[in-house]
Amino acid sequence: MILTTSNIHDFTNREIEIIHLSQRNFSCQEIAVKLFISEHTVRKHRQNILIKIGGVGKKDFRLFIRNYPE
């Protein structure tokens, strides 16, 4: 089950930053450079977001960020 935007409070500030950058089609590498973190950390944040929304892969992540408010 994909969660709705009513669950915004469930995300950390860093996860929200990653969601917003992902909405702008930044790659993991680009996000890492912009936020001064490793690509591994970006992937871990994305994984945590997926867990929170009940998603299982990139398709679910993309669907969620498309509907997430900017």
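## A four-helix chain, read helix by helix

Right after helix α2, F36 takes a positive phi of about 60 degrees. That's a handy place to start in this predicted model, and a similar note can be made at the end of α1, where N25 follows with a positive phi near 65 degrees.

Zooming out, the chain has 4 helices and 0 strands, so from the N terminus on the order of elements is simply α-α-α-α. Of its 70 residues, 39% count as buried. If you look at contacts between residues at least 6 apart in sequence, 59% of them join residues at least 24 apart.

**Helix α2 and its buried face**

Helix α2 covers residues 28–35, and its buried residues are C28, I31, A32 and L35. Looking down the axis of α2, those buried residues fall within an arc of 100 degrees, so they line one face of the helix. As background, an α-helix has 3.6 residues a turn, so residues three or four places apart point the same way. What do the buried residues of α2 pack against? The partners are α1 (13–23) and α3.

**How the helices cross**

Packed helices are described by the angle between their axes and the distance between the axes. Here are the two pairs, side by side:

| Pair | Angle between axes | Axis distance |
|---|---|---|
| α1 and α2 | about 130 degrees | 10 Å |
| α3 and α4 | roughly 80 degrees | within 10 Å |

Take α1 and α2, which pack at about 130 degrees. That angle makes α1 oblique to α2, and the crossing is right-handed. On the α1 side the contact is made by R14, E17, I18, L21 and S22, while α2 brings I31, K34 and L35. Sorted by class, this contact of α1 with α2 has 4 nonpolar, 1 polar and 3 charged residues.

Now for α3 (residues 39–53) and α4 (residues 58–67), whose axes cross at roughly 80 degrees. Are these two parallel or perpendicular? With that angle, α3 and α4 are therefore roughly perpendicular to each other. From α3, the residues R46, I49, L50 and I53 meet D60, F61, R62 and F64 of α4. By class, the contact of α3 with α4 has 5 nonpolar, no polar and 3 charged residues.

**Helix α1 and the buried E15**

In α1, the buried residues are E15, I16, I18, I19, L21, S22 and Q23. Their cover includes α2, α3 and α4. Two of these names, I18 and L21, have already turned up in the contact with α2, and so has S22.

E15 is worth a look of its own. This glutamate sits in helix α1. Is E15 buried or exposed? At 3% relative accessibility, E15 counts as buried, since the cut-off for buried is under 20%. Leaving aside neighbours within four places in sequence, E15 is in contact with D10, H45, N48, I49 and K52. One of those partners, I49, is also among the α3 residues that meet α4.

**I53 in helix α3**

I53 belongs to helix α3, where it is among the residues that meet α4. With 0% relative accessibility, I53 counts as buried. Which residue 43 places away along the chain is paired with I53 in a C-alpha separation? That residue is D10, and the two C-alpha atoms are separated by 9.4 Å. D10 is a name you've met before, as one of the contacts of E15.

Note on methods
Residues numbered from 1 in each chain as written. Predicted model: local features only at pLDDT ≥ 70, side-chain atom pairs only at ≥ 80, totals over all residues. Heavy atoms only, no water. Axes fitted to C-alpha atoms, helices over the stretch in contact; angles between N-to-C directions. Parallel < 35°, antiparallel > 145°, perpendicular 65-115°, else oblique. Contact = heavy atoms within 4.5 Å. Nonpolar A, V, L, I, M, F, W, Y, C, P; charged D, E, K, R; others polar. Buried < 20%, exposed > 50% of the residue type's maximum accessible area, 1.4 Å probe, protein only. Arc of directions from axis to C-beta. Left-handed = near helix turned anticlockwise from the far one by under 90°.
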